[in-house]
Amino acid sequence: MTTSIRTAKTRKFTGEVVSNRMQKTLVVEVARTKVHPVYKKRYTVTRRFHVHDEHGKHNVGDTVSFQECRPLSKLKRWRVISE
């Protein structure tokens, strides 16, 4: 009998830092473009994520990549992976 371990794909996003006022936490805004199914008009949808930044080296306006991780607090489920 063989046992296979299922590896979960972690989601990764890239966005712009819009707030760094909290300790070790960034608010990162990710914007994506969608097309309306009927009118074919393009529009932007933005979403904000609370991201863990252990060293606190990112500032507002920086572009960061982050990935999903275990829950770190009530809102934080993401961790910075690169600048």
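This briefing covers the fold, the nonpolar core and one residue of strand 5. The model is predicted. The protein has five strands and zero helices. Those five strands close into a barrel. Of its 83 residues, 24% count as buried.

**Fold and sheet**

- Read from the N terminus, the elements run β-β-β-β-β.
- Around the barrel, the strand order is 1-2-3-5-4, and the pairing is mixed.
- Neighbouring strands of this sheet are turned by 55 degrees against each other on average, with direction ignored.
- In general, strands of a sheet pair through backbone hydrogen bonds, in either the parallel or the antiparallel sense.
- Strand 4 and strand 5 pair in the antiparallel sense, over four bridges.
- Glu 68 has Trp 78 of strand 5 as its bridge partner.

**Nonpolar core**

- The largest nonpolar core has ten residues.
- Its members are Val 17, Leu 26, Val 28, Val 30, Phe 49, Val 51, Val 64, Phe 66, Trp 78 and Val 80.
- At least two core residues come from each of strand 2 (25-35), strand 3 (42-52), strand 4 (63-68) and strand 5 (78-82).
- Strand 2 gives the most, with three residues.
- Trp 78 thus has two roles to note: it belongs to the core, and it is the bridge partner of Glu 68.
- As a general tendency, nonpolar side chains in soluble globular proteins are buried together.

**Surface and contacts**

- The accessible surface of the protein comes to about 6,900 Å².
- Carbon and sulfur atoms account for 48% of that surface.
- Take the contacts between residues at least 6 apart in sequence: 47% of them join residues at least 24 apart.

**Ile 81 in strand 5**

- Ile 81 lies in strand 5.
- Why does Ile 81 count as partly exposed? Its relative accessibility is 42%, and the partly exposed class runs between the buried limit of under 20% and the exposed limit of over 50%.
- Leaving out residues up to four places away in sequence, Ile 81 touches Lys 12, Ser 65, Phe 66 and Gln 67.
- One of these contacts, Phe 66, is a member of the largest nonpolar core.
- How far apart in space are Ile 81 and Gln 67? The C-alpha to C-alpha distance is 6.7 Å, although the two residues are 14 apart in sequence.

Key: Residues numbered from 1 in each chain as written. Predicted model: local features only at pLDDT ≥ 70, side-chain atom pairs only at ≥ 80, totals over all residues. Heavy atoms only, no water. Core = buried A, V, L, I, M, F, W, Y, C linked by side-chain atoms within 4.5 Å. Buried < 20%, exposed > 50% of the residue type's maximum accessible area, 1.4 Å probe, protein only. Contact = heavy atoms within 4.5 Å. Areas by Shrake-Rupley, 256 points an atom, 1.4 Å probe, with all protein chains shown as cover. Pairing = 2+ DSSP bridges. Axes fitted to C-alpha atoms, helices over the stretch in contact; angles between N-to-C directions.
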